[in-house]
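Grab a pencil and work through these exercises with the model open beside you. Each task comes with a solution that goes step by step.

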Amino acid sequence: MKIELNDPRITAFAIGELTGDDAIELARVVCSDVRIAKAVEEARDTARLVREIMSPDGATMLTREQLIAVRSAGSSPVISEIASSTRISFWRKPAVSAVGIAAAVALVLFIVGGKKIEDSTSAENKTPKWEWINADTICLMLPVSIDSETIKNKGQISDAVRAVSAAMSNDTEGFRKTVRQRIESIEMKAVDDLPDLDVKDWQDVSVSQKIMVPVASGVASWPWIERHITYSGVLPSRRVVRIEEMINHFTYSKPKMLSNGKVTASIELCQTPWNPQTQLLAVHVHALPGAEVSEAVASLVVNSEHVKRLRLLGYANTLTEEGKEPTTHAPMLASRTRGNYVIYELLMDNKKADLLDHSSVALTLGGDNKLTTERPKAWIEVSHDMRFASMIAAMGMILSDYPTSGILDADQLTEMIDVIEKTDGASLVEERKKGINLVRKALQIMQKSP
Amino acid sequence: MVTSKDTEQDMIETNAELVERAISEYQSPLIGFARTIVHDTDRARDIVQDTFIRLYQQDVGKVRDGLKSWLFTVCRNRALDVLRKEKRLVLVEDETLNAKDSEISSPGEIAAKNDRVKLVKSYIARLPQNQATAITLKFEKGYSYKEISDETGLTNGNVGFLIHAGMKRLREILPDELK
């Protein structure tokens with residue numbers, strides 16, 4: 001069934017007026033198309049409101065929370081006694097109760113176990129089907145890189161992370177869709193089970209500083225933020241505000257500035273719009289078709305004489321001590337279909353700020369393959385992609401009370417959006433328009449908050 | 001229901017799809033039905049929630065042909081379980097009196113509800129006349145699309161379109177405090 005968002009059958013289905021084959025088909029679409037599912041829920045919300053107010057026997061629909069509980073039970077249905085005041089989601093059942101993220105992931109490992117199941121439904125598709133699809137929702141939402149302090153049992157957790165990492169690499173769109181669906185149906189309280197990540201604050205740049213560029217990002221952040229803002233009208237919990245995930249929710253032009261046959265990459269440098277003392281460095285890395293994703297590696301070489309300190313806008317821990325490997329234990333496999341876009345903030349040596357040039361930062365893909373930056377441009381002069389990505393990063397920094405220098409507040413963010421809409425308006429794709437709308441809604445909520 | 005063998009493979013439903021369809025078609029009549037047994041709206045909703053959760057455990061092939069009957073049977077059994085558990089299987093007269101007491105609103109609540117009704121109706125009145133009529137018949141009078149079609153002379157398709165367009169517009173114009 002082909003159905004668009006403005007199809008009257010959506011409302012008919014939401015209020016029980018669609019029957020027979022049409023209902024069967026639309027139920028199928030609801031289960032497979034998140035946009036249509038959302039449209040049905042919106043119609044139901046309106047119907048519920050109107051019916052409850054206007055009809056004497058008004059309350060004839062389940063509440064949104066009850067619908068979520070029904071759908072959550074579909075993953076691991078356990079019939080409990082009816083409790084009118086509590087709904088127990090499947091992930092809170094005794095088998096999944098966790099004392100910490102390590103325990104939850106270890107339990108998931110019992111399910112995932114690194115096993116492969118042959119896809120028996122498709123004779124032509126010989127690709128093993130990972131059990132990640134049955135993994136606990138919390139595992140699917142784990143950040144891509146987990147540092148050693150979070151891990152209690154390195155061996156077990158890294159197996160689970162490998163399974164999820166492989167899914168993110170081999171079936172990126174399927175993984176994104178699954179995580180989104182799970183997030184839309186899980187209870188809001190699930191955010192309390194997510195790790196509280198330390199954002200990476202400024203780090204001094206030492207001589208011969210090598211920085212591994214993250215080649216993958218998780219996918220949970222933006223759906224959670226959407227759910228908080230759009231469905232609940234509240235600002236998201238800090239635990240779900242992950243800047244690199246927010247940035248990589250959106251798609252960007254394929255990088256072309258540097259390639260080694262396995263990876264292609266681009267870098268861009270500009271003045272930070274909210275802080276004249278720093279610069280933003282955008283790095284975009286994309287595995288090429290046919291490349292072994294484990295070979296998709298890129299690193300930055302930073303001139304410590306020019307750049308005093310830097311930080312990744314996000315949580316990934318990829319800064320190495322001189323000569324040592326990064327302290328991340330999670331294999332970060334690049335996606336076969338999507339690149340990874342990250343932003344660093346650089347703090348120059350004040351005395352040498354004017355010297356920031358092509359010798360300050362270089363991107364390398366190994367060997368002699370190197371790309372250096374030009375002098376930083378004004379923010380308004382950089383690419384559409386960098387303007388948009390940095391605006392999203394700014395939103396994340398505000399939402400998570402990121403330690404910032406300079407002035408980054410709602411007004412600054414509004415100004416950035418206005419510039420983007422004015423300069424890129426005609427070329428803004430639907431995905432980015434929706435992103436901007438969500439940012440505006442977040443700003444409205446902030447203005448209403450005390 | 002699909003009977004054509006040619007489309008049988010296409011029309012095989014998963015549990016999730018069956019439950020979505022069941023929610024769409026039966027949540028309202030099931031809640032109404034459960035309420036006649038337990039005389040409490042919140043409990044009725046809980047019972048129906050539980051019924052749909054049980055549906056997930058079923059073999060789709062075995063229940064889809066008799067879905068309505070299955071749902072109402074399970075719903076009734078759950079409702080009676082609730083009554084037994086809470087020892088509310090009392091004399092019918094007492095039960096009816098208790099239910100009536102628990103659902104009486106205070107004068108303040110009644111006044112507040114009347115205000116909300118007036119407010120929502122004022123927003124509905126801003127819609128084009130035919131949309132407002134269709135929505136009022138549907139949600140205030142409880143008419144089905146077919147009944148609205150018979151009442152107004154419009155086709156079923158037109159009725160569906162008017163309600164869809166009207167609801168969409170209402171979503172846009174209703175103030176947040178009413179949502």
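What percentage of the 450 residues in chain A is buried? Take buried as under 20% relative accessible area, exposed as over 50%, and partly exposed as in between (1.4 Å probe, protein chains only).

Buried residues account for 54% of the 450 in chain A.

Before going on, some ground rules. This is a predicted model, in which local features need pLDDT of at least 70 and side-chain atom pairs count only at pLDDT 80 or more, while totals for chains, interfaces and linings use all residues. Residues are numbered from 1 along each chain as its sequence is written, chains are lettered from A and ligands numbered from 1 in the order in which they are written, and side-chain values use heavy atoms, with hydrogens and water left out.

**Exercise 1. Profile the two chains.**

Step 1: count the elements. Helices (H or I, at least four residues) and strands (E, at least two) are DSSP runs, numbered from the N terminus. Chain A has 13 helices and twelve strands. Chain B has ten helices and zero strands.

Step 2: look at burial in chain B. Of its 179 residues, 44% are buried.

Step 3: check the contacts, meaning heavy atoms within 4.5 Å. In chain A, 76% of the contacts with a separation of 6 or more are between residues 24 or more positions apart. For chain B, 61% of the contacts between residues at least 6 apart in sequence join residues at least 24 apart.

Step 4: add up the surface, using accessible areas from the Shrake-Rupley method with a 1.4 Å probe; for residues, only the protein chains shown count as cover. Chain A exposes about 19,600 Å², with 49% of it from carbon and sulfur atoms. For chain B the figure is about 9,900 Å², and carbon and sulfur atoms supply 51%.

**Exercise 2. Describe how chain B meets chain A.**

Step 1: get the extent. The contact involves 60 residues of chain B and 57 residues of chain A. About 5,100 Å² is buried between the chains, 61% of it from carbon and sulfur atoms. Buried area here is the accessible area (1.4 Å probe) that two parts lose on being put together, summed over both.

Step 2: find the charged pairs. A salt bridge needs a side-chain nitrogen of Lys or Arg within 4 Å of a carboxyl oxygen of Asp or Glu. Four salt bridges run between chain B and chain A; A:Glu17 and B:Lys138 form a salt bridge at 2.7 Å, N to O.

Step 3: see which parts of chain B take part. Elements giving two or more residues to the side that touches chain A include helix H2 (15-38), helix H3 (41-56) and helix H5 (67-85) of chain B. H2(B) gives the most, with twelve residues.

**Exercise 3. Which residues does B:Asp50 and B:Arg45 each pair with in a salt bridge?**

Step 1: start with B:Asp50. Its partner is B:Arg78, with the closest N and O atoms 3.0 Å apart. B:Asp50 lies in helix H3 of chain B and B:Arg78 in helix H5 of chain B, so the pair ties together parts that are 28 residues apart in sequence. B:Asp50 and B:Arg78 are both buried.

Step 2: move to B:Arg45. This side chain meets B:Asp42 at 3.7 Å, N to O. B:Arg45 and B:Asp42 are three residues apart in helix H3 of chain B, so about one helical turn separates them. B:Arg45 is buried at 9% relative accessible area, whereas B:Asp42 is partly exposed at 48%.

**Exercise 4. Place A:Pro223 and A:Arg176.**

Step 1: A:Pro223 sits in helix H9 (residues 221-231) of chain A and is buried, at 5% relative accessibility. Setting aside neighbours within four places in sequence, A:Pro223 touches A:Arg180 and A:Ile183.

Step 2: A:Arg176 belongs to helix H8 (residues 172-185) of chain A and is buried too, at 16%. Leaving out residues up to four places away in sequence, A:Arg176 is in contact with A:Val219, A:Asn248, A:His249 and A:Arg338.

Step 3: come back to A:Arg180. A network of salt bridges links A:Arg180 with A:Lys38, A:Glu184 and A:Glu226.
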